[in-house]
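Here is a short report on a protein model with its sequence. Please look over the structure first, then read on.

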Amino acid sequence: MAQHPVLGYLVWAVLFGALFAWEGLALSHLSGVPTLSATFRAIMRYPFGRWALFALWLWFGWHIFVRGWHFLLRA
Amino acid sequence: MGDAALSSALIRQDVLPLAVGYALLMAALAAGLVLSLRRPAVPGQRPSPAASAASAVPADSAAGPAARGWLRLVRHVAGTAVGGYLLLMAVVVGYYFGVARVSGNFIEGAFTGCALLIGLSSPVFAAATWLVVRRRPSGNDR
């Protein structure tokens with residue numbers, strides 16, 4: 001298993017923590033910030049926003065499920 | 001391979017795509033945030049894609065409301081899938097020729113792999129949508 005610097009994990013932890021903190025703040029209705037679903041709904045009103053989100057979804061799925069995999073009987 | 005070459009390859013093939021992807025996602029979220037604050041959404045105001053699709057079909061269509069809704073939904077999903085696929089392929093081709101010549105069949109893998117994902121997910125999405133609509137009480141087409 002490759003050794004990664006701890007700083008990389010910390011950066012990802014901070015990013016995801018900020019994302020969850022934002023969503024929690026939005027769901028608590030203590031502030032005027034919109035939830036992630038409301039934000040994505042606003043993006044998906046427009047065709048280019050839908051294309052961009054679908055492209056991101058494809059990119060993520062391609063990297064996770066397709067790229068680098070060797071299927072059965074494949075040389 | 002030396003450490004300098006390894007670092008350069010790591011930056012160009014891993015750090016840069018992640019940074020660009022993260023910047024794109026954050027830009028999209030920021031745009032959505034600005035739009036949402038400018039025009040706050042009212043819960044329950046927006047119809048579902050199928051329902052809004054049905055309303056956009058000309059009234060003189062011979063098909064029933066449900067068929068029109070399905071036709072509009074199929075057009076909506078197909079347009080999103082094709083648009084997203086072409087957008088991603090444009091980014092992949094631009095990345096390959098403009099940033100890093102990734103080894104292996106990168107371009108071919110992107111085209112076929114993403115098409116495979118769409119081909120696998122579309123029937124599942126269609127079946128799940130059909131099941132959700134089928135489980136709804138009659139008279140509630142939305």
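## Helix H3 of chain A and its surroundings

Just past H3(A), A:Gly68 adopts a positive phi of about 85°. This is a predicted model. The helix just before that glycine is a good place to start.

H3 of chain A covers residues 47-66. H3(A) has 20 residues. From first C-alpha to last, H3(A) reaches 26 Å, close to the 28 Å expected at 1.5 Å a residue. Its buried residues are A:Arg50, A:Trp51, A:Ala52, A:Phe54, A:Ala55, A:Leu58, A:Trp59 and A:Trp62.

Helix H1 of chain A covers residues 6-27. Its 22 residues should span 32 Å at 1.5 Å a residue, and because its end C-alpha atoms are 31 Å apart, the two values agree. H1(A) is hardly covered: zero of its 22 residues are buried. Just after H1(A), A:His29 has a positive phi of about 60°.

**The two chains**

Chain A holds three helices and zero strands. Along the sequence its pattern reads α-α-α. Chain B has four helices and zero strands. Its elements run α-α-α-α from the N terminus on. The table sets out the two chains.

| Chain | Residues | Helices | Strands | Buried residues |
|---|---|---|---|---|
| Chain A | 75 residues | three helices | zero strands | 16% |
| Chain B | 142 residues | four helices | zero strands | 11% |

In chain B, take the contacts with a separation of 6 or more. Residues 24 or more positions apart account for 42% of these contacts.

**Where the chains meet**

How many residues does each chain bring to the contact? Chain A brings 22 residues and chain B brings 24 residues. On the chain A side, helix H2 (36-43) and H3 each supply at least two residues. H3(A) gives the most to this side, with 14 residues. By class, the chain A side divides into 16 nonpolar, three polar and three charged residues.

One helix pair shows the contact in detail. The axes of H3(A) and helix H4 of chain B (residues 106-135) come within 9 Å. They cross at roughly 100°. H3(A) is therefore roughly perpendicular to H4(B). From H3(A), the residues in this contact are A:Leu58, A:Gly61, A:Trp62 and A:Val66. They meet B:Ala110, B:Gly113, B:Cys114, B:Leu116 and B:Leu117 in H4(B). This contact has seven nonpolar, two polar and no charged residues.

A:Ala55 also reaches across to chain B. Leaving out residues up to four places away in sequence, A:Ala55 touches B:Gly84, B:Leu87, B:Leu88 and B:Val91.

**The nonpolar core**

In soluble globular proteins, nonpolar side chains tend to be buried together. Which residues have the most contacts inside the largest nonpolar core here? They are A:Phe54, A:Ala55, A:Leu58, A:Trp59, A:Trp62, B:Leu88 and B:Cys114. The core has 14 residues. H3 of chain A gives two or more residues to this core, as do helix H3 (65-98) and H4 of chain B. H3(A) provides the largest share, seven residues.

Some residues recur. A:Leu58 and A:Trp62 are buried in H3(A). Both meet H4(B). Both are also among the core residues with the most contacts. On the chain B side, B:Cys114 belongs to the H4(B) contact and is named in the core as well.

How values were computed: Residues numbered from 1 in each chain as written. Chains lettered and ligands numbered in written order. Predicted model: local features only at pLDDT ≥ 70, side-chain atom pairs only at ≥ 80, totals over all residues. Axes fitted to C-alpha atoms, helices over the stretch in contact; angles between N-to-C directions. Parallel < 35°, antiparallel > 145°, perpendicular 65-115°, else oblique. Contact = placed C-beta atoms within 7 Å. Nonpolar A, V, L, I, M, F, W, Y, C, P; charged D, E, K, R; others polar. Buried ≥ 20, exposed ≤ 12 C-beta atoms within 10 Å, placed from the backbone. Core = buried A, V, L, I, M, F, W, Y, C linked by C-beta atoms within 7 Å. Expected span 1.5 Å × (residues − 1).
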